[in-house]
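This briefing is meant for a reader who is meeting the structure for the first time. Please look over the sequence and the model before turning to the notes.

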Amino acid sequence: MRYLGLMPAVLACALGGAMAPAVWAQDAPQISESTADHSKFEALQKDFASGPEVTEACLSCHTEAATQVKHSVHWTWEFDNPTTGQTLGKSHVLNSFCGNVASNEARCTSCHVGYGWDDMDQPPPAQDAAVDCLVCHDTSGQYTKLATGAGHPPMAAKGKTITGADAWVVDLKEAAQSVGAPGRENCGGCHFYGGGGDNVKHGDLSSALYHPTVDVDVHMAEDGANFTCSSCHHSDKHVFAGSRYDVHATDPEGTGQPGMVRQDVATCESCHGDTPHDMLTVQGVKLNDHTDRVACQTCHIPSFARGGVATKTRWDWSTAGKMDEHGHPMHLSEYTQGNGKELHTYLATKGDFEYGEDVLPHYAWFNGQVEYTTADMTIDPTGIVEVNKIAGSSEDGRSRIWPFKRMEGRQAYDAGLNHLVYSNVWGPTTDTAFWTNFDWGKAIEAGMKAAGAEYSGEYGFVDTYMYWPITHMVAPSEDAVACEECHSSDGRLANLAGFYMPGSQPFSIGGILGILVFVAMAGGVLLHTTLRIIARGGKGGTTHD
């Protein structure tokens with residue numbers, strides 16, 4: 001039997017206080033971490049017929065929650081970048097995955113934090129009851145959204161969920177009575193499955209993070225720090241810290257005031273500061289000397305798509321539309337990822353795919369700003385078009401070397417105006433959706449019309465790059481990138497310009513001088529040691545320092 005009251009009691013006596021009563025572990029009451037048991041709330045005792053009905057019940061107590069959510073990027077899908085002046089967000093930008101939201105609403109808005117947004121010409125639904133409380137706060141484990149339901153949960157065992165599983169009937173009463181703080185499962189249901197599948201888009205966000213081992217992610221591992229997403233992405237009035245449109249590439253404020261947890265950022269420095277390594281060792285001092293030039297993620301995320309779930313590395317839309325000898329859409333599954341699941345390498349609806357696991361990142365100087373190629377910008381179709389351009393320089397004093405997933409794509413563009421295009425890919429009841437009729441002409445015309453964009457009527461395909469900052473799947477310190485992986489002639493940073501890397505050019509003037517300095521130092525040490533040995537020998541005996 002374990003005695004829990006001993007140390008407080010001993011300390012109380014030592015400080016002159018009264019002896020605290022003994023508390024035995026077997027007698028300790030089981031106290032909930034929450035101050036409310038929602039299963040006891042009268043408003044949640046009914047059988048709910050829809051998600052908005054649940055929200056109405058939630059708002060009877062949490063009166064300001066819907067207003068707060070509707071002021072977040074999670075709701076608006078819109079972000080005005082204060083630095084570049086661009087209006088970004090899911091409702092505006094193009095990507096190299098399924099392209100765009102406009103004309104594909106019910107499929108894309110299945111992951112909206114609300115119910116019923118089915119027209120990008122209009123803002124999200126105005127009703128407070130359209131906010132989806134359960135997608136973030138359900139802890140029953142059985143709440144989900146329908147893949148093609150514009151954010152609504154499945155109320156029949158029909159269709160697919162947003163994770164690709166066969167749909168089931170969600171018990172809204174059970175979900176409502178279970179609500180609590182968001183866990184990895186809540187955030188991951190949408191963020192792990194962006195781009196049309198598990199880990200397709202980001203590369204460092206996959207179902208492997210639901211229950212990762214320490215070697216996959218030291219922060220989220222249950223036998224590690226056991227973080228949830230909100231452990232780093234703090235929320236203030238339902239607005240979460242961290243944005244891929246306006247990244248804190250460096251955090252000069254670091255940990256801020258002692259004893260305070262910063263709520264405004266989601267950076268490594270906000271916990272670890274800008275001198276995270278042991279200052280009592282030569283190696284630690286030298287590693288801390290890197291933090292003004294190298295992002296923490298660059299060394300501590302040696303590869304992404306770990307844990308057995310692959311990420312797409314290339315997507316070629318130009319090959320889509322092939323039929324087999326029977327006139328049926330072709331599909332091939334010729335890649336088996338680490339967890340044993342077979343993945344499509346060709347789909348008539350989407351084209352050819354390539355995958356990777358334990359992928360080495362692409363490295364670039366990054367100041368946190370990204371400029372997107374929007375549909376009104378002129379592109380050069382003879383080269384590789386960057387869907388989003390990484391800003392940064394080795395000389396600006398603000399940039400750090402960052403790791404990225406560089407997605408390779410081949411996607412449609414307006415061959416008359418040299419613009420990237422919107423396309424209507426989803427819509428089982430329409431004549432324009434590519435996934436229905438395999439007609440690019442109709443699909444692009446419909447997508448451009450839905451987006452209100454000019455279209456010449458001519459289309460082609462262009463090679464693209466799209467960049468995704470890598471910041472999850474932090475490895476244990478012993479698996480961090482070793483010095484020689486960068487400081488060598490063919491190291492990780494060999495293609496990165498703007499700085500001199502010791503060891504990367506051994507036969508350059510700088511490299512030769514460095515070698516000469518090292519040889520001179522080593523020679524001095526050897527000479528000093530030799531002279532001491534000779535001196536000791538001349539005294540006829542040994543000495544002890």
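The notes below go from the chain as a whole to its cores, its aromatic rings and two loop residues.

The model is a predicted one, and its protein chain has an average pLDDT of 90, with 89% of the residues scoring at least 70. The chain holds 14 helices and 17 strands, and 42% of its 545 residues count as buried.

**Confidence and overall make-up**

- Over residues 1–25 the pLDDT stays under 50, and for this stretch the model has 15 contacts beyond four places in sequence.
- The pLDDT is also below 50 over residues 540–545, a stretch that has 4 contacts in the model beyond near neighbours in sequence.
- Among the contacts in the protein chain with a separation of 6 or more, 64% are between residues 24 or more positions apart.
- The accessible surface of the protein chain is about 28400 Å², and carbon and sulfur atoms account for 56% of that surface.

**The nonpolar cores**

- As a general background, nonpolar side chains in soluble globular proteins tend to be buried together.
- The largest nonpolar core in this model has 52 residues, and those with the most contacts inside it are F97, W315, F366, Y372, W402, W440 and M466.
- At least two residues of this core come from each of the strands β10 (351–356), β11 (362–366), β12 (370–372), β15 (400–414) and β17 (459–469), and the same holds for helix α13 (440–451).
- Strand β17 gives the most to the core, supplying 6 residues.
- Once the neighbours within four places in sequence are left aside, M466 is in contact with residues including L94, N95, S96 and F97, as well as with Y372, V387 and N388, and with K405, R406 and M407.
- A second core, separate from the one above, has 23 residues, among them L44, Y115, L134 and V179.

**Helix α2 and what it packs against**

- In helix α2, which covers residues 51–59, the residues G51, V54, T55, A57, C58 and L59 are buried.
- The buried residues of α2 pack against three other helices, namely α3 (65–69), α6 (134–137) and α7 (172–177).

**Aromatic rings**

- The model has 20 aromatic pairs, and a pair of this kind is described by the distance of the ring centres and the angle of the planes.
- In one of these pairs, the rings of F192 and Y210 have centres 5.1 Å apart and planes at 50°, so the pair is tilted.
- Both F192 and Y210 lie in the loop between α8 (184–191) and β3 (235–236), so their pairing ties together parts that are 18 residues apart in sequence.
- F192 counts as buried because its relative accessibility is 2%, and Y210 is likewise buried, with a relative accessible area of 16%.
- F366 and F404 form an aromatic pair that is edge-to-face, with 5.1 Å from centre to centre and 80° between the planes.
- Because F366 lies in strand β11 and F404 in strand β15, this pair ties together parts that are 38 residues apart in sequence.
- F366 is buried, with a relative accessible area of 0%, while F404 counts as buried at 1% relative accessibility.
- One aromatic cluster is formed by F97, W315, W317, Y335, F353, Y355, F434, F438, W440, Y459, F461 and W468.

**Lysines over tryptophan rings**

- K90 has its charged end over the ring of W77, at 6.0 Å from the ring centre.
- K312 lies over the face of W315, and here the distance from the ring centre is 4.1 Å; W315 is also a member of the aromatic cluster named above and one of the residues with the most contacts inside the largest nonpolar core.

**Two loop residues with positive phi**

- Most residues other than glycine have a negative phi, which gives the setting for the two residues described next.
- H238 is a residue other than glycine with a positive phi, near 70°, and its place is in the loop between β3 and β4 (239–240).
- At 28% relative accessibility, H238 counts as partly exposed.
- N418 also has a positive phi, in this case near 55°, and it lies in the loop between β15 and β16 (419–420).
- N418 is partly exposed, with a relative accessible area of 22%.

Terms used
Residues are numbered from 1 along each chain as its sequence is written. Side-chain values use heavy atoms; hydrogens and water are left out. pLDDT is the predictor's confidence in each residue, from 0 to 100. Contact means heavy atoms within 4.5 Å. A nonpolar core is a set of buried Ala, Val, Leu, Ile, Met, Phe, Trp, Tyr and Cys residues joined through side-chain atoms within 4.5 Å. Buried means under 20% relative accessible area, exposed over 50%, partly exposed in between (1.4 Å probe, protein chains only). Helices (H or I, at least four residues) and strands (E, at least two) are DSSP runs, numbered from the N terminus. Accessible areas come from the Shrake-Rupley method with a 1.4 Å probe; for residues, only the protein chains shown count as cover. Rings of Phe, Tyr and Trp (its six-membered ring) pair if their centres lie within 6.5 Å; planes under 30 degrees apart count as stacked, over 60 as edge-to-face and the rest as tilted. A charge sits over a ring if NZ of Lys or CZ of Arg is within 6 Å of the ring centre and within 35 degrees of the ring normal.
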